[in-house]
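Visitor: I am new to this structure and would like to learn how to read it. Where do we start?

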Amino acid sequence: EYDMAGLVLSAKSILKFIRTENHLKSRGRVCIESLTRSQLLNLCVTSGLTMLPIQFLQLVVPSFVMRYFIRSVANDIVRDDDLLISEGNDVNSLTESEVLAACELRGLPTLSGMSATAMKQCLLNHLLMVHEFQESSDGVSNEIVVLYLPSLRKALKKS
């Protein structure tokens, strides 16, 4: 199944990608602290967490600053996801501006001319994937999932 953000993935597929991306064959813990500097840089750039050029990040910004920033954004997303999931994934009760803000925070598409219904469907699919993943996380933090999920779905999107 696809939506405007890309392929709707199973928890097993998400876990496989994250373990492969982090070169983990075993059940080692994957969290923000375990990311390499290169992975931090890529997350900052691909997730839109910074408007700074990658060369500036590479040369000037220490890893602990990037981790702090990434963790802060990821925690905001996880808290909001948990709240929406606890409310039964009721994205239809959100206003258009709330849906837009929720999609922007998560890196989901908010294209000009995209209907609120399409954005709600992307948000709902995101919540369903996160909820399924939470039930079978297997040593991967929710923060990592919410950071990788948008770029993974976009990469697997139909051309």
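Guide: We start with a cysteine. This is a predicted model, and in it Cys122 counts as buried, at 0% relative accessibility.

Visitor: Which cysteine sulfur is nearest to that of Cys122, and how far away is it?

Guide: The nearest one belongs to Cys103, at 6.2 Å, and Cys122 is in no disulfide. A disulfide needs the two sulfur atoms within 2.5 Å. A search of the whole structure finds zero disulfides.

Visitor: Why does Cys44 form no bond with the closest cysteine?

Guide: The closest cysteine sulfur, in Cys31, is 16 Å from that of Cys44, which is too far for a bond. Cys44 is buried too, with a relative accessible area of 2%.

Visitor: How should I read charged side chains?

Guide: Side chains of opposite charge can pair when their charged atoms come close. Here the count comes to five salt bridges. One of them joins the side chains of Arg153 and Asp3, at 2.6 Å from N to O. That pair links distant parts of the chain, with Arg153 in helix H7 and Asp3 in strand E1, 150 residues apart.

Visitor: Are Arg153 and Asp3 buried or exposed?

Guide: Both Arg153 and Asp3 are buried.

Visitor: What does a salt bridge within one helix look like?

Guide: An α-helix has 3.6 residues a turn, so residues three or four places apart point the same way. In this model, Arg79 and Asp76 are separated by about one helical turn because they are three residues apart in helix H4. Their side chains meet in a salt bridge of 2.6 Å, N to O. Arg79 counts as exposed at 53% relative accessibility, while Asp76 counts as partly exposed at 34%.

Visitor: Which residue forms a salt bridge with Asp81?

Guide: Arg106 does, and the closest N and O atoms are 2.7 Å apart. This pair also links distant parts of the chain: Asp81 lies in helix H4 and Arg106 in helix H5, 25 residues apart. Both Asp81 and Arg106 are buried. Asp80 joins Asp81 and Arg106 in a network of salt bridges.

Visitor: What is there to note in the loop between H4 and H5?

Guide: Asn89 sits in that loop. Its phi is positive, about 55 degrees, although Asn89 is not a glycine. At 15% relative accessibility, Asn89 counts as buried.

Visitor: How do I read the nonpolar interior?

Guide: In soluble globular proteins, nonpolar side chains tend to be buried together. The largest nonpolar core of this model has 46 residues, and Ile14, Ile18, Ile70, Leu123, Phe133, Val140 and Ile144 have the most contacts inside it. The elements that give two or more residues to this core are helices H1, H2, H4, H5, H6 and H7.

Visitor: Which residues does Ile18 touch, leaving out those up to four places away in sequence?

Guide: Ile18 touches Val30, Val140, Ile144, Val145 and Tyr148. Of helix H7, the buried residues include Ile144, Val145 and Tyr148.

Visitor: How do I judge whether a helix is straight?

Guide: Look at its span and at any bend along the way. Helix H7 has 14 residues and reaches 20 Å from its first C-alpha to its last, close to the 20 Å expected at 1.5 Å a residue. Even so, a kink of about 35 degrees lies at Tyr148, shortly before the proline Pro150. Pro150 is among the buried residues of H7.

Key
Residues numbered from 1 in each chain as written. Predicted model: local features only at pLDDT ≥ 70, side-chain atom pairs only at ≥ 80, totals over all residues. Heavy atoms only, no water. Helix = DSSP H or I, 4+ residues; strand = E, 2+ residues; numbered from the N terminus. Expected span 1.5 Å × (residues − 1). Bend = angle between axes of the 7 residues up to and from the residue. Buried < 20%, exposed > 50% of the residue type's maximum accessible area, 1.4 Å probe, protein only. Salt bridge = Lys/Arg side-chain N within 4 Å of Asp/Glu carboxyl O. Core = buried A, V, L, I, M, F, W, Y, C linked by side-chain atoms within 4.5 Å. Contact = heavy atoms within 4.5 Å.
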